[in-house]
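Here's a quick tour for anyone who wants to get their bearings before going back to the bench. Have the viewer open and follow along.

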Amino acid sequence: MSYDSQNIFAKILRAENPCNKVYEDDATLAFMDIMPQAPGHTIVIPKEPAMTLFDLSGAGAANLIQVVQRVAAAVKQAMQAEGIMLMQLNGAAAGQTVDHIHFHIIPGSMHNLGKHASSGNVADDLAALAEKISACLT
Ligand code: AMP
């Protein structure tokens with residue numbers, strides 16, 4: 001299967017769809033998940049068009065994990081979370097629902113995790129959370 005440039009994250013990258021932005025640089029974008037599995041659930045994506053980790057260049061992967069580390073530290077501080085989960089799904093068989101590689105940064109514990117990509121998840125004020133997390137970026 002080839003990369004579908006009509007996926008929702010590609011549209012966010014082209015600013016055709018809105019997002020609650022936390023961080024952006026030349027190669028990366030981080031924003032709030034609209035169906036958070038816990039308050040503060042943040043998504044980090046590379047700008048490189050790649051469906052899964054296996055499609056991403058080595059340089060892209062190296063940059064992505066460095067940004068994930070930075071944003072995760074900010075999420076931890078902003079949400080005053082003792083624990084931070086990272087999740088990265090590859091392929092529909094693993095539960096991937098958006099075909100543009102991304103990391104999930106989720107504060108809290110896997111024992112209190114909301115359902116994945118569920119419209120039943122209650123989102124707090126995502127714009128305020130994005131601002132709060134962004135302010136903790138170093
Ligand atoms: P995955 O199933 O690992 O591909 O994760 C996709 C994630 O994207 C899910 O957690 C969804 O809640 C989230 N999501 C879907 N559409 C949007 C959107 N427009 N803005 C932010 N997050 C989204």
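## A pair of histidines

Start with two side chains that meet: those of His 102 and His 104 make a polar contact at 3.5 Å. Keep in mind as you look around that this is a predicted model.

His 102 has another polar partner too, with the backbone oxygen of His 100 sitting 2.6 Å from a polar atom of the His 102 side chain. As for its place in the fold, His 102 is found in the loop that runs between strand S4 (84–87) and strand S5 (103–107). Is His 102 buried or exposed? Its relative accessible area is 5%, and since buried means under 20%, His 102 counts as buried.

## Around the ligand

Now over to the ligand, where His 104 turns up again. The ligand is surrounded by 17 residues, and His 104 is listed among the closest, along with Asp 33, Thr 97, Val 98 and His 116. Sorted by class, that shell holds ten nonpolar residues, six polar ones and one charged one.

Which atoms does the ligand pair up with? On the Asp 33 side, an N or O atom of the side chain is 2.5 Å from a ligand oxygen. Val 98 uses its backbone instead, placing an N or O atom 2.9 Å from an oxygen of the ligand. Ile 34 also works through its backbone, with a polar atom 3.3 Å from a ligand nitrogen. How much of the ligand does the protein bury? On its own the ligand would expose 510 Å², and the protein buries 94% of that.

## The pocket and who builds it

The ligand takes up the space of the largest pocket. Two elements give two or more residues each to the shell: helix H1 (8–13) and strand S2 (28–32). H1 gives the most, with three residues.

## Back to the S4–S5 loop

His 102 isn't the end of the story for the loop between S4 and S5, as Asn 90 has its place there too. With a relative accessible area of 22%, Asn 90 is partly exposed. Its C-alpha is 6.8 Å from that of Leu 53, even though the two residues are 37 apart in sequence.

## The stretch between S5 and H3

Move past S5 and you get to the loop leading to helix H3 (126–135), which is where you'll find Met 110. Met 110 counts as exposed, because its relative accessibility is 61% and the cut-off is over 50%. Look for Ala 38 as well: it is 72 residues away from Met 110 along the chain, with 9.7 Å between their C-alpha atoms.

Ala 117 belongs to the loop between S5 and H3 as well. What is there to notice about its backbone? Phi of Ala 117 is near 50°, a positive value in a residue other than glycine. At 33% relative accessibility, Ala 117 is partly exposed.

## One more positive phi

Gln 80 is another non-glycine residue with a positive phi, again near 50°. You'll find Gln 80 in the loop between helix H2 (58–78) and S4. How much of Gln 80 is accessible? The relative accessible area comes to 73%, so Gln 80 is exposed.

Terms used
Residues numbered from 1 in each chain as written. Predicted model: local features only at pLDDT ≥ 70, side-chain atom pairs only at ≥ 80, totals over all residues. Heavy atoms only, no water. Near = heavy atom within 4 Å. Polar contact = N/O pair within 3.5 Å; in protein donor to acceptor, adjacent residues only side chain to side chain. Areas by Shrake-Rupley, 256 points an atom, 1.4 Å probe, with all protein chains shown as cover. 1 Å grid on protein atoms, 1.4 Å probe; cavity = no way out; pocket = protein on both sides within 12 Å on 5 of 7 lines; lining within 4 Å. Sits in = over half its atoms within 2 Å of the grid points. Helix = DSSP H or I, 4+ residues; strand = E, 2+ residues; numbered from the N terminus. Nonpolar A, V, L, I, M, F, W, Y, C, P; charged D, E, K, R; others polar. Buried < 20%, exposed > 50% of the residue type's maximum accessible area, 1.4 Å probe, protein only.
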